[in-house]
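This briefing introduces selected features of one protein structure for a reader who is new to the subject. Please keep the sequence and the structure in view while reading.

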Amino acid sequence: MPFVSLAQAARRLGIDVKTLHRWLADAQLPLHRHPHDGRKKGVSSEHLQALARLHQRSLAPLPQQSPAPEASQEPPLPAALLALPETLCALQAQIAALQQQVADLTRLITQHRPGPAIPLAPTKPPRTAKRPAKPTSPAPRSRRAAKPPSKSAHVIPRVEYGPEGRYVVICPKQGLLPLEPDTPEWFAWLAAQSSFRFVGKLGRFTAHHEWRVPRGAWRAHRHIRNHGYTLRLAPTHDLTMAVLEHTAEALQAHLT
């Protein structure tokens with residue numbers, strides 16, 4: 001069964017390669033691979049003659065110069081290259097199997113992850129050990145031990161002038177906030193606060209938001225030598241860093 005390339009078959013039929021593909025599909029004729037080069041596809045001479053008869057075409061003779069390049073393009077490919085498609089299919093199957101194994105291992109790990117509940121068991125005996133100590137220990141002591149957590153709950157935000165030469169906002173719940181002074185984000189943050197601690201270049205104080213005062217004014221308060229000092233600050237939309245630093249300097253002057 002002589003092999004005829006698609007280009008040669010199209011030239012002999014006097015059509016283009018796309019039309020040849022369509023004729024082969026309509027006639028349900030398969031393509032054949034080159035006996036020495038699996039990358040090349042063509043048709044058999046019998047199928048070519050059948051197409052010519054079906055479409056009433058006469059086959060043009062092949063040019064005499066075509067055998068020379070065919071002879072130069074005949075170096076057989078190694079068997080390893082011809083087996084590459086099958087090797088790739090086998091590798092894909094192995095990869096799929098490995099992925100399934102990883103998924104199964106992950107599922108097993110998540111199922112056995114409740115293991116951290118084991119260290120909770122030793123924490124229960126201390127509770128049972130504390131129970132007999134309750135009658136011996138007076139009630140006021142247990143109440144005093146409960147006071148320190150209430151103090152930590154009253155930690156307020158802190159606005160501080162850092163060593164890098166800029167102001168930072170430290171929130172007890174959110175940590176360091178990316179707020180630039182005197183920006184819309186800064187004033188929006190101030191509007192949602194009831195108090196904060198200010199540590200500036202020349203002094204410090206605690207600012208309280210006077211909610212009952214029109215336009216949301218603020219006041220600064222500081223204890224110096226057992227005496228409390230209070231100064232009125234600007235409303236929220238005018239509470240800039242310059243106002244805070246000026247107030248901190250004014251309160252710091254009471255130390256001299």
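The points below concern one helix and a set of salt bridges.

The structure is a predicted model. A search of the whole structure gives 5 salt bridges, and three of the pairs are described here: aspartate 104 with arginine 107, glutamate 210 with arginine 219, and glutamate 210 with arginine 232.

**Helix α11**

- Helix α11 runs over residues 241–252 and has 12 residues.
- From its first C-alpha to its last, α11 reaches 16 Å, which is close to the 16 Å expected at 1.5 Å a residue.
- The buried residues of α11 are Met241, Leu244, Glu245, Thr247, Ala248 and Leu251.
- These buried residues lie on the same side of α11 because they cover an arc of only 165° around the axis.
- Ala242 and His246 are exposed on the other side of α11.

**A salt bridge within helix α6**

- Aspartate 104 and arginine 107 form a salt bridge through their side chains, with an N to O distance of 2.9 Å.
- Both residues belong to helix α6 (residues 84–111), and they are 3 residues apart, so about one helical turn separates them.
- Aspartate 104 has a relative accessible area of 29% and is partly exposed.
- Arginine 107 is also partly exposed, at 42% relative accessibility.

**Salt bridges of glutamate 210**

- Glutamate 210 is buried, because its relative accessible area of 15% falls under the 20% limit for that class.
- Glutamate 210 forms a salt bridge with arginine 219, and the closest N and O atoms of this pair are 3.4 Å apart.
- Arginine 219 is partly exposed, with a relative accessible area of 29%.
- The side chain of glutamate 210 also meets that of arginine 232 in a salt bridge, at 3.7 Å from N to O.
- This pair links distant parts of the chain, since glutamate 210 is in the loop between β8 (204–209) and β9 (217–224), whereas arginine 232 is in strand β10 (residues 227–235).
- Glutamate 210 and arginine 232 are 22 residues apart.
- Arginine 232 has a relative accessibility of 58%, so this residue counts as exposed, the limit being over 50%.
- Together, Glu210, Arg219 and Arg232 are linked in a network of salt bridges.
- Within this network, glutamate 210 is buried, arginine 219 is partly exposed and arginine 232 is exposed.

Technical notes
Residues numbered from 1 in each chain as written. Predicted model: local features only at pLDDT ≥ 70, side-chain atom pairs only at ≥ 80, totals over all residues. Heavy atoms only, no water. Helix = DSSP H or I, 4+ residues; strand = E, 2+ residues; numbered from the N terminus. Expected span 1.5 Å × (residues − 1). Buried < 20%, exposed > 50% of the residue type's maximum accessible area, 1.4 Å probe, protein only. Arc of directions from axis to C-beta. Salt bridge = Lys/Arg side-chain N within 4 Å of Asp/Glu carboxyl O.
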